[in-house]
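Me: I should like to study a structure step by step, through questions and reasoned answers. Please show it first.

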Protein chains: 4
Amino acid sequence: MTKKIMPASGTVINKTFAYPIRVYYEDTDAGGIVYYANYLKFAERARSEFLRTMDINQQQNLIEKHTGFIVRSCQIDYISSAVLDDALTVICSVAEVGGASAVIHQEIFRDDELLAKLDVKVVHMNIETHRPCRIPPEYIAKFTNFIN
Amino acid sequence: MTKKIMPASGTVINKTFAYPIRVYYEDTDAGGIVYYANYLKFAERARSEFLRTMDINQQQNLIEKHTGFIVRSCQIDYISSAVLDDALTVICSVAEVGGASAVIHQEIFRDDELLAKLDVKVVHMNIETHRPCRIPPEYIAKFTNFIN
Amino acid sequence: MTKKIMPASGTVINKTFAYPIRVYYEDTDAGGIVYYANYLKFAERARSEFLRTMDINQQQNLIEKHTGFIVRSCQIDYISSAVLDDALTVICSVAEVGGASAVIHQEIFRDDELLAKLDVKVVHMNIETHRPCRIPPEYIAKFTNFIN
Amino acid sequence: MTKKIMPASGTVINKTFAYPIRVYYEDTDAGGIVYYANYLKFAERARSEFLRTMDINQQQNLIEKHTGFIVRSCQIDYISSAVLDDALTVICSVAEVGGASAVIHQEIFRDDELLAKLDVKVVHMNIETHRPCRIPPEYIAKFTNFIN
């Protein structure tokens with residue numbers, strides 16, 4: 001039996017990538033809103049699909065080249081709160097891309113209301129040596145397509 | 001601005017409901033597989049969409065009637081493991097439905113390989129009195145459509 | 001610099017192991033109570049400390065012998081709900097231990113009120129071959145000390 | 001039966017608060033390290049105990065005064081990775097405290113190795129009106145004791 005390929009979720013609109021998320025009970029807390037750390041989960045799901053959309057295969061790179069993108073820092077601003085059952089959209093674009101690192105800018109919306117925004121700095125690492133390594137030129141080209 | 005209505009996700013096939021899930025980093029653990037408690041999250045997401053598909057509005061019932069379905073017990077068998085990036089399908093059907101409770105049968109697949117199966121007993125509760133209360137007849141009729 | 005050894009948390013009382021847990025926001029959901037899957041996290045933390053108390057070193061076994069205990073099935077009954085800030089106790093004992101598997105019985109209390117109880121069947125596996133393998137006799141002896 | 005009062009966990013050393021955390025499977029991901037969003041869970045557990053140590057009762061304030069501290073923004077730097085079974089320490093101090101907001105500085109250590117550091121801005125809010133409100137003077141005095 002062949003393993004089914006599920007296509008990347010999300011949509012490219014102009015130079016941004018948009019990914020839909022539904023809020024379930026697991027995402028909320030006793031304050032009645034989405035728990036603050038879970039926005040980072042939403043952001044990571046969207047970044048995973050963003051890379052998949054660009055045909056960057058994280059699993060394959062990890063196994064064959066021992067390379068991957070590691071989060072080095074994250075700045076998140078919480079503007080308003082998501083609640084149970086909300087249909088959210090996570091937007092991704094590229095703020096900057098350099099030799100071994102990139103900054104992904106992300107915004108989380110409910111309809112046209114901005115709930116949170118993040119700047120996530122990722123470093124391209126060799127997982128075995130634990131050292132940064134250059135982002136391949138074809139990946140830099142892909143990222144550059146998403147600089148607004 | 002009107003709030004966008006995101007339709008229920010998932011598909012009804014014969015007397016079962018099928019809901020797709022992608023495995024992200026947040027779902028996995030250091031054993032390289034999906035963490036055992038997270039299958040219960042997958043199952044709850046699918047049950048949420050299953051109720052939405054049947055036009056049972058949990059949020060509205062909670063606010064207007066103070067009623068909801070509470071998990072009373074769960075039996076889960078782990079048959080094989082899901083890993084990062086897997087595209088899974090969670091299947092839901094109704095094993096039994098009585099006066100104030102129901103048993104939802106769920107199976108989690110990767111393609112046609114069964115990874116886990118659950119029987120989840122839910123009780124229809126009045127959240128204010130903390131007492132079980134009868135499932136409305138129209139809900140029982142909806143559930144009955146999903147008894148195989 | 002030597003790595004500090006943090007001792008196992010928890011207490012052995014007669015033939016049971018007791019492990020304390022505080023409920024934080026991350027554990028709760030919009031229903032105002034602990035999310036149902038998170039009791040499995042609490043149970044796994046307690047089982048980890050239970051093994052540590054018995055001087056069973058999971059990390060070392062995984063690396064040196066490629067063996068570990070994998071959850072095969074779990075039956076959980078939810079009796080009452082934990083809420084934010086609760087101080088809980090997770091009790092562990094051994095219901096049965098056989099050649100390659102064991103059943104751990106766990107109960108979660110707030111003071112003397114039983115909130116949930118679980119029977120967790122674990123199988124001793126070789127992680128490389130994905131096949132069950134015999135539990136070492138010294139581990140069976142340790143487990144037997146916790147059969148009530 | 002009276003509800004047992006579990007004392008605040010953690011220790012005050014000079015003008016900082018230190019809180020111990022053990023890493024369990026639930027905290028890790030398929031990369032073999034603690035998942036990046038989970039450091040925010042660790043930080044929030046420590047802040048909860050930090051407030052408890054200062055005799056600031058969050059639950060009581062929420063119920064009686066409808067006030068609470070809400071995270072407005074968070075800057076986190078990831079320096080090194082925690083792994084399964086690690087014994088970590090989360091350090092809290094107060095970077096600044098103003099009329100209706102404060103910045104908590106947090107550092108996560110494994111022994112004397114710094115793994116992550118965060119600056120978390122919290123705003124004192126009236127939960128019903130969704131508006132910031134002044135931090136009570138006695139709380140400002142308590143916070144001031146933890147400015148280094």
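The questions and replies below concern a helix, a loop residue, a pair of chains and some salt bridges.

Me: What kind of model is this, and what pLDDT do local features need?
Reply: Residues are numbered from 1 along each chain as its sequence is written, chains are lettered from A and ligands numbered from 1 in the order in which they are written, and side-chain values use heavy atoms, with hydrogens and water left out. This is a predicted model, in which totals for chains, interfaces and linings use all residues, side-chain atom pairs count only at pLDDT 80 or more, and local features need pLDDT of at least 70.

Me: What distance does helix α1 of chain B reach from its first C-alpha to its last?
Reply: Helices (H or I, at least four residues) and strands (E, at least two) are DSSP runs, numbered from the N terminus. Helix α1 of chain B covers residues 38-53, which is 16 residues. The expected span is 1.5 Å times one less than the number of residues. That expectation is 22 Å, and the helix comes close to it, reaching 23 Å.

Me: How many residues of α1(B) are buried?
Reply: Buried means under 20% relative accessible area, exposed over 50%, and partly exposed in between (1.4 Å probe, protein chains only). By this criterion α1(B) is mostly covered, and of its 16 residues the number buried is 15.

Me: Is A82(B) buried or exposed?
Reply: A82(B) lies in the loop between β3 (67-78) and β4 (87-97) of chain B. Contact means heavy atoms within 4.5 Å. Leaving aside residues up to four places away in sequence, A82(B) touches several residues, including V23(B), Y39(B) and R110(B). Its relative accessible area is 0%, so A82(B) is buried.

Me: Which kind of axis relates chain D and chain B?
Reply: Copies are superposed by least squares on the C-alpha atoms of residues with pLDDT of at least 70 in both. A rotation of 180° with 0.0 Å of shift along its axis places chain D on chain B, with an RMSD of 0.0 Å. The two copies are therefore related as by a two-fold rotation axis.

Me: Which residues of chain D lose the most area to chain B?
Reply: Buried area is the accessible area (1.4 Å probe) that two parts lose on being put together, summed over both. Between chain D and chain B it is about 700 Å², with carbon and sulfur atoms giving 70%. Three residues together account for 55% of what the chain D side buries: Y25(D), A30(D) and Y35(D).

Me: How many salt bridges are counted between chain D and chain B?
Reply: A salt bridge is a side-chain nitrogen of Lys or Arg within 4 Å of a carboxyl oxygen of Asp or Glu. A search of the whole structure finds 27 over all chains. Between chain D and chain B, however, the count is zero.

Me: Which residue forms a salt bridge with E49(B)?
Reply: E49(B) is in helix α1 of chain B, and the pair crosses between chains to strand β2 (residues 16-22) of chain A. E49(B) has 0% relative accessibility and so counts as buried. The closest N and O atoms are 3.7 Å apart, and the partner is R22(A).

Me: Which residue meets R110(D) in a salt bridge?
Reply: R110(D) is buried, at a relative accessible area of 13%. Its partner has a relative accessible area of 34% and is therefore partly exposed. The two side chains meet at 2.8 Å, N to O, and the partner is E113(D).
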